[in-house]
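Me: I am new to reading protein models and would like to go through one slowly, with the reasoning spelled out at each step. Could you take my questions one at a time?

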Amino acid sequence: MTSNRLTTSPYAGKWRSRLTICLLTAVWIVLSGRLVFLQWIGSAQLAEKANRQRTYLQTISARPGDIIDRDGRLLATTVNARSLYVVPERIADPEQIATELAEALNADRQSLLDRILTHRSKRFLWIKRRLEESEAAVVRALNLPPQVWGFRKEYLRRYPQGSLASHVIGLRDIDGVGHGGIEERYDELIRGRDGRRVLVRDARGRVIDVNDDHDELPHHGRTVVLTLSAVIQLYAERELDAVMTQWQPRTACAIVLEPRTGDVLAMASRPTFDPNQPVNVAHNAWTNTAIASMYEPGSTFKPFIVAWALETGRIRPTDRFDCEQGAYKMGGRVLHDDHPQGWLDISGILVKSSNIGMAKIGERLGNEELFNAAIAFGFGRKTGCELPGESAGSLRPPDSWNSYSTGSIPMGQEIAVTPLQLLTAFAALSNNGRLMTPQLVSKHIAPPPFDDVELTNTSSRETVVSRTVSPATARWIVEGPLRDAVRVGTGQAAELSDYLVFGKTGTAQKIDPATGTYSSEHHVSSFVCGAPANNPSVVVAIVVDDPSVGRTHYGGQVAAPAASRLLRKVLIHQRVPADGEPLRAAQR
Amino acid sequence: MFFRFGSALVLIVLISLAGVAVEKRNLELRRRVIHQHFQTDVLRDVHARLRLETEQLGAPVRMLDSIESGELAVRQPEQTVDTSPRRVPLLEWRRAIPTNQPTAAPSQ
C-alpha cells in the first residue's frame, strides 16, 4: 500500500524534472551570458586582440631620390643591397658558422663568434649590412643551412662620381639620414616617406593574405637637380689639386659662379673625402671651406669700397690721391704699401693695390658709409645658399669701430668673409650691380613614373637680392680698374690671350695666434676674376689658406694662374665666344 | 512544387558558381597586379644599377685625360656658338675655343 502510494504519487517525479530544468536553465543562462559578453560587451577588445595576432604591419621603404647635375649626370643614387642576418637560436654550430662567414666577408672571426654567442637566444642578428653583390654571391655559395641565415633588402647610397663635389652633395649614412651638403639640407625631400602594408598571418606566422584596404604606397624620394656641372666641377677640383701639390697650403677652395643667374657651377674644397668610403677621413676634410671658413679678404675687398665711394659721390673717377711714397701716418699708426707709389688715380689705386690710397678713400667715406658698403655687398650675413653650415663671416657694428678701422676696412682687414660671400659680391659688380643669391639647387622632380611632370620648383630662387651700385658704376669698375689689374697690375699671371679677363688679387696676412698680431709669414692668397670684361659670363674665385712653399705668397702668384686656367676651361665649356676682336682692338 | 523547388535550387547553385568564378577572376587579377608591382620593383632596381654603372664608366674623371690627350674622339657641334641645352652632354666636350663663325662639319 505504502510503496504504491509512493510510486503513484503525482509529486514524485516533479522535483527531479524541475531540478533538471533548473540546471539546464542555469547552464543556458551562463552560456547565453558568456555569449552576450563575447559578442557584445567584450567584442571590440577581442576583435582587436585577434587582429593583432593575425595581422602584421610591414613597412615598405621609400627609395631615396637621386641628385643630378645640371646636365643630368648622376651625382648620387640608391640601389638595392642585401644585408645579411643570422638566427642565433637556430645555429647548431656557432663556431663553424662564424668561421665560414668571417672568411666570406673578410671579417674578424672571433668578434663574429662573440656576437653570435652573446645573442644566443635571439632570433635575429645583423652580421653585415648592405653587402656588395660579390659578397652576397660568396655568402650564397657557402650553402649554409637555410633556417639559420637570410638576406634582407636595404637601400644602399652610391656616389658614382666618387669624391667629386663631395662637400656640396654630403653623404647619407647607414640609417639613411643625410649629413652635410644637399643630402642634409633636402633630407626629407630626398628620403621620401615609407609606405606600409597590412599582412594577414596564420597561427604559424606564415602570410596568407594581404589586406589591400589599408595599404599605403611609399612616396619615393624626389630627384634634386643641382646647378653644378660635373665637368666644370672636375676642372675646378683638378686645379685645386695642382694648387695643393704646388703650394702645400692648409686648405684651399674654388668656386665658379654665373653672375647673371647666381647659379653655382662648381664649388670645391680641399682637403676632401670620398662619400663612398667615409672612413679614415682627416678631421678638417669634412669642412666646406668655401662656405664655412672665414678670413680677412685683404685687397680683394677694395673694389667694393671704391665702387661704393663712386656711387655715393665721395670720389670721382678722375680724382687722384697721394700715396705718400709707401708710408702714411694715419692717426696713431703708419700704413705701408708693398710697392711705394706717388700720385695715383682711382684706377691706379686698384691696379697697384695701394693700401694708402684705399685708406684715404676710406677717410672720405667715413665709418658709417664703409659699413653701409659692406652691408650692401652682402658681407656680415649669410649669402642664403642652400648648404647647411654656412658662416655669416664677421662684420662688427660701426659703433665698435675706431679710427684704425677707417684705414683697415678699405684694405680688407677687420672684416672676415667666406669665399662664397666674396665671389657673390664680385658677381654683383659683374652683373651691373645686382646682387644675386647664389643657387645650388635648380629644381626637384618626382621619381618615375611621374618624372616627366615637372612639379612646382620649391627652391627659393630669389632673382635679385639687392642693388649695390648703379650699372654704370659697376661696368666702370669691371671694364676699367679690374680689367687693368689683370692687364698691367698684380693679376698679370691671369691674363689670357683669347678672353678679356678682369679680376683682383688678394694677399691677406693672417693673425699669429701666439702674438695676436699680423704675421708676415702666414697669408691667405686669393684671386677673384671673371670674363669677358665687356659682358661677364663667368666669375671664379680661388682662395688658398697659408701656402707653405717658397717665401712669397702673393695672390697673383699662388691663386691667379690656377684661377685663369679654370676660367678659360669654363668659358670654352660654356661656349662663350673668344674676345679676339675686342682684344685686338684694345691692344691697338 | 518539386519543379519550383528544383528550379530554386538550380538558381542558387548557378549564382554561387558565378560568384566563385568572379572571386577566382578577382584573385587572379590581384595576383597579376602584385606580380607587376614586383616586376616594376625589380626593373626599377635593375635600371638603378645599370644607370649607376653607366655613370661610373662615363664619369668625367675617367674620360677627361683621354679627351685632353686626343685619345678619345670628340664630337664638334656644327654650331659652335649655341646656347641651347646639350642633348648628349657626355659626348660634347670641347678643346677648341668657340668663335662666332660656324665651323665646317668634321669629315667622317
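Me: Is A:Glu324 buried or exposed?
Reply: This is a predicted model, and the position of A:Glu324 in it is the loop between β13 (320-322) and β14 (327-330) of chain A. A residue counts as buried if 20 or more other C-beta atoms lie within 10 Å of its own. A:Glu324 has 22 other C-beta atoms within 10 Å, and therefore A:Glu324 is buried.

Me: What is the value of phi at A:Glu324?
Reply: The sign is the point to look at here, since A:Glu324 is a residue other than glycine and its phi is nonetheless positive. The value of phi at A:Glu324 is near 55°.

Me: How does A:Asp546 count, with its C-beta neighbours inside 10 Å: which word describes it?
Reply: A:Asp546 also has a positive phi in a residue other than glycine, in this case near 60°, and it lies in the loop between β22 and α18 (555-558) of chain A. The class between buried and exposed is for residues that have fewer than the 20 neighbours needed for buried but more than the 12 that still count as exposed. A:Asp546 has 19 C-beta neighbours inside 10 Å, so it counts as partly exposed.

Me: Which residue does a cis peptide bond join to A:Arg270, and which one to A:Ala531?
Reply: The cis bond at A:Arg270 has an omega of about 0°, and the partner is in the loop between β12 (264-270) and α11 (289-292) of chain A. The cis bond at A:Ala531 has an omega of about -15°, and the partner there is found in the loop between β21 (518-531) and β22 (538-545) of chain A. The partner of A:Arg270 is A:Pro271, and that of A:Ala531 is A:Pro532.

Me: Which strands stand at the edges of the five-stranded open sheet in chain A?
Reply: The order of the strands in this open sheet is β12-β11-β22-β21-β20 of chain A, with antiparallel pairing. Each edge strand has a single partner strand, so one side of it is left without a neighbour in the sheet, and the strands in that position are β12 and β20 (502-511) of chain A.

Me: What is the average twist from one strand to the next?
Reply: For the open sheet with the order β12-β11-β22-β21-β20 of chain A, the twist is given as an average from one strand to the next. That average is 10°.

Me: How many residues of β12(A) are buried?
Reply: The strand β12(A) is an edge strand of the sheet, with a single partner strand, and yet an open side in the sheet does not tell us how its surroundings are filled. The burial count shows that β12(A) is largely enclosed by the rest of the structure, because the buried residues number seven of the seven.

Me: In β12(A), which residue is the bridge partner of A:Ala254?
Reply: Strand β11 (residues 251-257) of chain A runs antiparallel to β12(A), and six bridges join them. One bridge pairs A:Cys253 with A:Ser269. For A:Ala254, the bridge partner in β12(A) is A:Ala268.

Me: Which residue takes a positive phi near 85° in the hairpin of β11(A) and β12(A)?
Reply: This hairpin has six residues between the strands, and the positive phi near 85° belongs to A:Gly262.

Me: At about what angle does helix α17 run to β20(A)?
Reply: Helix α17 (residues 471-487) of chain A lies across β20 and β21 of chain A. The angle at which α17 runs to β20(A) is about 65°.

Me: What is the radius of gyration of chain A?
Reply: Chain A has 20 helices and 22 strands. The globule rule gives 25 Å for 588 residues, and the value for chain A is well over that, so chain A is more spread out than a compact globule. Its C-alpha atoms fill a box of roughly 160 × 55 × 50 Å along the principal axes, and the radius of gyration is 37 Å.

Me: What is the average pLDDT of chain B?
Reply: Chain B has two helices and zero strands, and buried residues make up 5% of its 108 residues. In chain B, pLDDT stays under 50 over residues 88-95 and over residues 100-108. Where pLDDT is low, the predicted coordinates should not be read in detail. Over chain B, 67% of the residues score at least 70, and the average pLDDT is 75.

Technical notes:
Residues are numbered from 1 along each chain as its sequence is written. Chains are lettered from A and ligands numbered from 1 in the order in which they are written. This is a predicted model: local features need pLDDT of at least 70, side-chain atom pairs count only at pLDDT 80 or more; totals for chains, interfaces and linings use all residues. Helices (H or I, at least four residues) and strands (E, at least two) are DSSP runs, numbered from the N terminus. The radius of gyration is taken over C-alpha atoms; the globule rule is 2.2 Å times the number of residues to the power 0.38. pLDDT is the predictor's confidence in each residue, from 0 to 100. Two residues are in contact if their C-beta atoms, placed from the backbone, lie within 7 Å. Two strands pair if DSSP finds at least two bridges between them. Axes are lines fitted to C-alpha atoms, for helices over the stretch in contact, and angles run from 0 to 180 degrees between N-to-C directions.
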